[in-house]
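The following exchange considers how certain descriptive terms are justified for a protein model. Each answer sets a value against the criterion that applies.

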Amino acid sequence: MATLTIRMAPLLVLWLAVCLGGTWAVDRGNFKTCDQSAFCKRQRALKPGESPYRALLETMELTNTRLTLQLINDNNKVRLLLELYRLQGNITRVKINELKPLKPRYEVPDVLIREPPTEPLSLLSQDENGVVLSLGPESQRVIVSARPFRLDIMEGRDVLMSLNSRGLLAFEHLRIRKDTSQADPEAEKKEEDDPANQAEEAKEEEEKAEDGMWEETFKSHTDGKPNGPSAVSLDFSLPGVEHVYGIPEHADTLRLKTTNNGDPYRLYNLDVFQYELYNPMALYGSVPVMIAHNAQRTTGIFWLNAAETWVDISSNTAGKTVFGKMLDYVQGSSETPQTDVRWISESGIIDVFIMLGPTPKDVFSQYASLTGTQAFPPLSALAYHQCRWNYNDQEDVQSVDAGFDKHDIPYDFIWLDIEHTDGKRYFTWDPHKFATPKDMLQGLLDKKRKMVAIVDPHIKVDTNYKIHTEIQSRDFYIKNKDGGNYEGWCWPGSAGYPDFTRADMRAWWASMFAYDQYEGTMENLYTWNDMNEPSVFNGPEVTMHKDAMHGAWEHRDVHNIYGFYVQMATAEGLIQRSGGVERPFVLTRAFFAGSQRYGAVWTGDNAAEWEHLKISIPMCLSLGLVGISFCGADVGGFFKSPSTELLVRWYQMGAYQPFFRAHAHLDTPRREPWLFGPENTALIREVVRERYTLLPYWYQQFYNTHHTGEPVMRPLWVEYPQDPATFALDDEFLIGRDLLVHPVTEEGARGVTAYLPGKDEVWFDIHTFQKHNGAQNLYIPVTMSSIPVFQRGGSIIPRKLRVRRSSTCMEHDPYTLYVALNPRRTAEGELYIDDGHTFNFEKKEFIHRRLSFANNILSSVNLTPAAQFSTSSWVERVLILGASKPSKVTLKTADGQESQLEFDFDASMSVLTLRKPGMNAGADWTVTLQ
């Protein structure tokens with residue numbers, strides 16, 4: 001930090017010394033392993049094949065919308081209630097809770113966009129061993145076996161997924177602690193009156209309370225557990241599956257690894273200082289969604305639980321070499337590949353949504369129907385962002401802004417980190433360094449640029465600070481276990497943490513973004529929520545104590561959803577300040593399922609290392625698969641200083657990731673794009689400008705994901721689901737369907753090998769227009785200016801080639817259409833245009849056109865006749881790749897007028913260029929090649 005005027009607790013000073021000193025690596029000792037997490041260790045000790053749970057078929061009730069059935073644990077006679085729903089869109093929901101819990105168990109609210117609509121379940125058969133129910137489509141059914149309890153979902157003769165097939169269902173029931181005088185007499189009476197609990201008494205007397213069931217210590221922190229053990233666990237078997245993905249956030253490969261020889265993947269939102277790569281440690285966000293894929297089908301599992309969660313993965317093919325698999329084949333081994341997954345959560349209930357596909361896009365649609373789609377961002381948010389911790393003062397901001405103009409590099413947003421505030425008091429400005437923030441913002445607005453300022457959720461405890469005194473007077477702070485306001489250490493020193501799980505707190509927080517509350521703000525200021533895991537420097541694992549209280553609920557129940565609520569309230573504040581007119585832009589570090597509805601995420605505090613450059617691909621691909629498309633990594637790396645080669649390569653990568661922001665640590669040398677010599681400035685300028693030319697395509701992809709849930713940045717297997725060569729690829733990716741990107745991620749690389757998919761497809765290098773066949777590994781020589789990007793034959797991509805200082809300055813500029821023909825000499829694409837920043841698109845104020853080429857005719861047709869919007873942009877050029885030379889080219893406009901168009905033909909590359917056709921981008925027209 002620059003200056004810290006507060007008196008600091010020794011622990012905070014120590015934490016800052018580690019962070020800001022020379023030790024640039026995660027201290028693993030600060031974070032738990034499964035063995036150090038009592039509930040994980042307990043659950044992992046269970047042996048497969050010994051399930052004590054039995055379905056009591058005589059308790060079954062079947063209505064038109066659900067099946068309910070009691071399960072009994074034969075070891076302790078505790079009963080559970082199973083609920084099974086068939087949901088619209090080929091989804092099955094399974095809920096398991098205690099039949100009669102001592103008190104309610106936490107069920108996650110606010111993540112689902114509505115109560116999911118059900119479809120009828122019908123009974124097909126029943127005997128003493130179980131029941132068979134119809135799931136409707138294509139002979140899908142669910143088989144409930146009684147002893148031991150097990151669920152199988154089948155289609156025809158194929159098992160799609162099994163639950164509790166390995167017998168690892170576990171549900172730790174709430175109970176009274178027998179060795180304490182602090183027991184609640186009413187709860188004790190309730191427990192004594194329950195016959196199941198009476199039957200259990202003798203059994204429990206024999207059971208010794210294991211370590212960590214009622215109290216757990218990690219380092220110097222003790223977690224008191226007034227509710228005792230409350231973990232839940234369930235296993236899923238996926239026959240025929242070798243590839244599973246998702247459950248971000250982890251700094252690991254796209255294809256999830258088996259966890260037999262180490263820790264499970266952990267989902268627990270944590271502020272991890274310079275994380276390690278290729279391991280299952282928890283990071284800043286958690287989305288408990290796993291996608292399974294093989295050449296026949298894609299399915300998904302959504303485990304709706306906000307407590308600390310561990311996910312174990314095992315496979316019967318794990319560790320087999322290619323030779324071993326060939327040997328199995330030659331010897332006629334009939335073992336079907338299978339992946340087994342086990343979810344373990346510390347508290348709450350089992351509430352799982354099984355998404356049955358069958359295609360990847362079906363699974364995206366199913367998950368979107370539950371948790372919503374990616375928020376449609378303002379177009380400018382898809383442009384380039386310039387950030388560091390910290391731009392020092394208004395003069396510094398002005399100087400950096402001018403530097404971009406001087407060096408002819410476009411940008412849209414400049415960012416301010418924590419030093420812009422008055423002593424880390426969020427919603428304020430440093431009175432000396434940022435004395436006239438509106439002047440600064442107006443200067444940016446005059447150039448059609450914007451700013452983002454950080455607003456973190458830890459609030460400085462200071463009686464002269466309005467935000468703190470308001471939260472305190474309204475009693476909005478999270479409480480400690482003794483009922484006082486929870487306080488921890490963070491950037492301001494002693495800080496309180498608002499309880500964002502409360503709707504009234506979120507409404508108040510949103511109101512603080514009003515222009516008359518957040519002084520010095522204007523419509524071109526947007527928001528960044530950092531440290532919202534929440535980060536507590538002196539807390540266990542650098543986060544909040546699990547026995548802190550959110551009303552009736554412990555923090556352990558809600559931990560992973562805290563950051564989701566912070567971003568929700570902030571986005572709502574930005575919407576409200578404009579009277580509901582303007583789309584917000586909010587970046588968050590912590591996230592959960594459903595966070596896609598509120599803005600963007602980034603991969604946190606990475607480092608200026610080649611491996612961190614590489615890992616940003618699978619990290620963002622994993623997020624996209626579970627709904628969060630607006631993802632990026634700090635260009636250049638947050639910690640350390642990149643070599644010029646690494647910095648250039650990172651800009652080349654970042655320009656093709658959805659969120660494109662350079663960011664750097666306080667202690668690193670300045671790294672604005674023009675500080676590395678004219679050659680490197682030119683390379684960075686070129687790729688940033690390339691991003692700006694493609695903004696129409698990026699914007700259209702975000703419009704698409706907002707409506708479908710399909711990822712913007714996607715693995716190749718999403719578009720080529722039957723091609724096993726794509727299943728584990730994570731060094732290249734697609735943007736939408738039509739752009740394939742293989743960034744250069746090796747130091748000193750002279751070439752890369754890209755896999756071009758599609759047996760009957762062709763791909764065109766977007767820089768040279770060279771054509772390559774699909775279904776091949778293509779070696780591509782590279783120089784420092786190279787970023788291998790290919791356009792799919794059969795696609796039409798609109799670009800704007802007149803790059804200006806910001807995206808808003810390009811609003812009315814003309815389009816160039818890149819028409820890449822497939823071997824059948826056809827192509828299609830879309831063009832989407834709206835005002836770029838308001839919600840008016842929801843009122844059908846937009847242009848959405850289908851562009852198609854077939855039979856030598858290129859045409860533009862309105863895809864949404866009910867929509868109304870006009871644009872002054874026109875089509876100034878058309879390039880047709882893979883074309884033949886015509887004798888003449890005729891344009892016919894909507895009013896029936898025909899005109900001849902000028903054209904050039906490059907026979908060496910088969911590229912036809914139509915110059916100045918001049919038609920309005922929102923109009924109907926056809927161009928005929930003769």
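**Reasoning from values to terms**

In this predicted model, the side chain of T726 lies 2.7 Å from the backbone oxygen of D723.

Q: What makes the approach of the T726 side chain to the backbone oxygen of D723 a polar contact?
A: A polar contact requires a pair of N or O atoms within 3.5 Å. The separation is 2.7 Å, so the pair satisfies that limit.

Q: Why is T726 called buried?
A: The term applies under 20% relative accessible area. T726 has a relative accessibility of 0% and therefore counts as buried.

Q: Where does T726 lie, and which residues does T726 touch beyond four places away in sequence?
A: T726 is in the loop between α17 (716–719) and β36 (733–735). The residues touched are L716, W717, Y720, Y755 and P757.

Q: Why is α15 described as oblique to α16?
A: Helix α15 (residues 678–693) and helix α16 (residues 695–708) pack at about 55°, with 5 Å between their axes. Angles under 35 degrees count as roughly parallel, and 65 to 115 as roughly perpendicular. The angle falls in neither range, which makes α15 oblique to α16.

Q: Which residues of α15 and α16 meet, and how do the residues of this contact divide?
A: From α15, R691, Y692 and T693 meet L695, P696 and W698 of α16. The contact comprises four nonpolar residues, one polar and one charged.

Q: Which residues have the most contacts inside the largest nonpolar core?
A: In this core of 176 residues, they are F302, W509, F585 and Y651. A second, separate core has 49 residues, including V131, V142, F236 and M290.

Notes
Residues are numbered from 1 along each chain as its sequence is written. This is a predicted model: local features need pLDDT of at least 70, side-chain atom pairs count only at pLDDT 80 or more; totals for chains, interfaces and linings use all residues. Side-chain values use heavy atoms; hydrogens and water are left out. A nonpolar core is a set of buried Ala, Val, Leu, Ile, Met, Phe, Trp, Tyr and Cys residues joined through side-chain atoms within 4.5 Å. Buried means under 20% relative accessible area, exposed over 50%, partly exposed in between (1.4 Å probe, protein chains only). Axes are lines fitted to C-alpha atoms, for helices over the stretch in contact, and angles run from 0 to 180 degrees between N-to-C directions. Helices (H or I, at least four residues) and strands (E, at least two) are DSSP runs, numbered from the N terminus. Angles under 35 degrees count as roughly parallel, over 145 as roughly antiparallel, 65 to 115 as roughly perpendicular and the rest as oblique. Contact means heavy atoms within 4.5 Å. Ala, Val, Leu, Ile, Met, Phe, Trp, Tyr, Cys and Pro count as nonpolar, Asp, Glu, Lys and Arg as charged, and the others, Gly among them, as polar. A polar contact is a pair of N or O atoms within 3.5 Å; within protein, one must be able to donate a hydrogen and the other to accept it, and residues adjacent in sequence count only if both atoms are side-chain atoms.
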